Amino acid sequence: SSAVTVTLDRAYFKNRLTTEDHTEKNTVVISTINGFHKKPRNNTNAWANNYITAIIDKTTGIITYQINSLVQYKDHDKHLYKEVSYNTSTEHKTKDASILSHEISCLGSAYSGCTHTEHVAFTIDSTLLAEIASRYTEGSNNKWRYKLSPKKGRSYSAHLFIAEISALVEAARENQTLY
């Protein structure tokens, strides 16, 4: 069987977007959670699946963008990735991130530490995100990078594909016009 080469372009991410209607909160949430899934390289380094969500308020039409990282690592202690830093077109920005959940699995050898999964999230300015999305060019695999820093341990460098951001921003704007 030959490996299928996937083109990670805007159409790829757009086809994999998930949309959920949250009637009780009066919001629509569009997510790239099913987009690109990275395979872990090895057990010693932290690795993450990153995705982005757009939360559209159906009353106001306001879109809130949230970047999510499911960071997995093996250790005896929690790392707690509580800070994020990234570049905007004008500055280097550092802000607090939220840990939405923390799961620990101690299957296998607890001697080498347990496997931790932290769901880290932070909101990002919609103007900045629109500016990043506008940099998308067909056929490029360009990435937007950010760094998560823990209370303890090494920082984790993460990224999202510009194609992914572009697909989400486009879908969010199309949905926004419905309200």
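This is a short tour of the predicted model above, stop by stop, with a selection to make at each one.

**The whole chain**

Start with a cartoon view of everything. You should find 3 helices and 10 strands. Followed along the sequence, they come in the order α-β-β-β-β-β-β-β-β-α-β-β-α. Colour by burial next: of the 179 residues in the chain, 42% are buried. If you like contact maps, take the contacts with a separation of 6 or more; 60% of them are between residues 24 or more positions apart.

**Helix α2**

Now select residues 126-133, which form helix α2. Which residues of α2 are buried? They are L128, L129, I132 and A133. Show their side chains and look down the helix axis: these residues span an arc of only 140 degrees, so they sit on the same side of α2. The general background is that an α-helix has 3.6 residues a turn, so residues three or four places apart point the same way.

What do the buried residues of α2 pack against? Add these elements to your selection one by one:

- the strands β3 (47-57), β4 (63-75) and β5 (81-87);
- the strands β8 (114-124) and β9 (143-150);
- the helix α3 (162-176).

Before leaving α2, zoom in on its N-terminal end, which is capped by D125. Draw a distance from a side-chain oxygen of D125 to the backbone nitrogen of T127, and you should read 3.2 Å.

**Where α2 meets α3**

Keep α2 on screen and bring α3 to the front. Two packed helices are described by the angle between their axes and the distance between the axes. Here the axes of α2 and α3 come within 8 Å and cross at roughly 120 degrees. That angle makes α2 oblique to α3. The crossing of the two helices is left-handed. To see the contact itself, show L129, A130, I132 and A133 on the α2 side, and I162, I165, S166, V169 and R173 on the α3 side. L129, I132 and A133 will be familiar from the buried set of α2.

**From the cap to T64 and T53**

Go back to D125 and select T64 as well. Their C-alpha atoms are 7.8 Å apart, although 61 residues separate them along the chain. T64 belongs to strand β4. Is T64 buried or partly exposed? Its relative accessibility is 36%, so T64 counts as partly exposed. Beyond four places in sequence, T64 is in contact with T53, A54, I55 and T123.

Step across to T53, which is in strand β3. With a relative accessible area of 8%, T53 is buried. Expand the selection around T53, again skipping residues up to four places away in sequence, and you will pick up V29, I30, S31, T64, Y65, Q66, N68 and L168.

**A positive phi at N26**

Most residues other than glycine have a negative phi. With that in mind, select N26, in the loop between β1 (18-22) and β2 (27-31). The phi of N26 is positive, near 60 degrees. At 30% relative accessibility, N26 is partly exposed. What does N26 touch beyond four places in sequence? The list is I56, D57, K58 and T59. From N26 to D57 the C-alpha distance is 6.3 Å, across 31 residues of sequence. Display the side chains of N26 and T59 to find a polar contact of 2.5 Å between them.

**L80 and the histidine pair**

Now move to L80, in the loop between β4 and β5. L80 is not a glycine, yet its phi is positive, at about 55 degrees. With 24% relative accessibility, L80 counts as partly exposed.

L80 leads to the last stop, because H102 lists it among its contacts, together with Y73, K78, H116, T117 and E118, leaving aside neighbours within four places in sequence. H102 lies in strand β7 (residues 98-105) and is partly exposed at 23% relative accessibility. Finish by selecting H102 and H116 together. Their C-alpha atoms are separated by 7.0 Å, with their positions 14 residues apart along the chain. How are the side chains of H102 and H116 joined? A polar contact of 2.9 Å links them.

Notes: Residues are numbered from 1 along each chain as its sequence is written. This is a predicted model: local features need pLDDT of at least 70, side-chain atom pairs count only at pLDDT 80 or more; totals for chains, interfaces and linings use all residues. Side-chain values use heavy atoms; hydrogens and water are left out. Buried means under 20% relative accessible area, exposed over 50%, partly exposed in between (1.4 Å probe, protein chains only). Helices (H or I, at least four residues) and strands (E, at least two) are DSSP runs, numbered from the N terminus. The arc is that of the directions from the helix axis to the C-beta atoms. Contact means heavy atoms within 4.5 Å. A polar contact is a pair of N or O atoms within 3.5 Å; within protein, one must be able to donate a hydrogen and the other to accept it, and residues adjacent in sequence count only if both atoms are side-chain atoms. Axes are lines fitted to C-alpha atoms, for helices over the stretch in contact, and angles run from 0 to 180 degrees between N-to-C directions. Angles under 35 degrees count as roughly parallel, over 145 as roughly antiparallel, 65 to 115 as roughly perpendicular and the rest as oblique. A crossing is left-handed if the near helix is turned anticlockwise from the far one by less than a right angle, and right-handed if clockwise.
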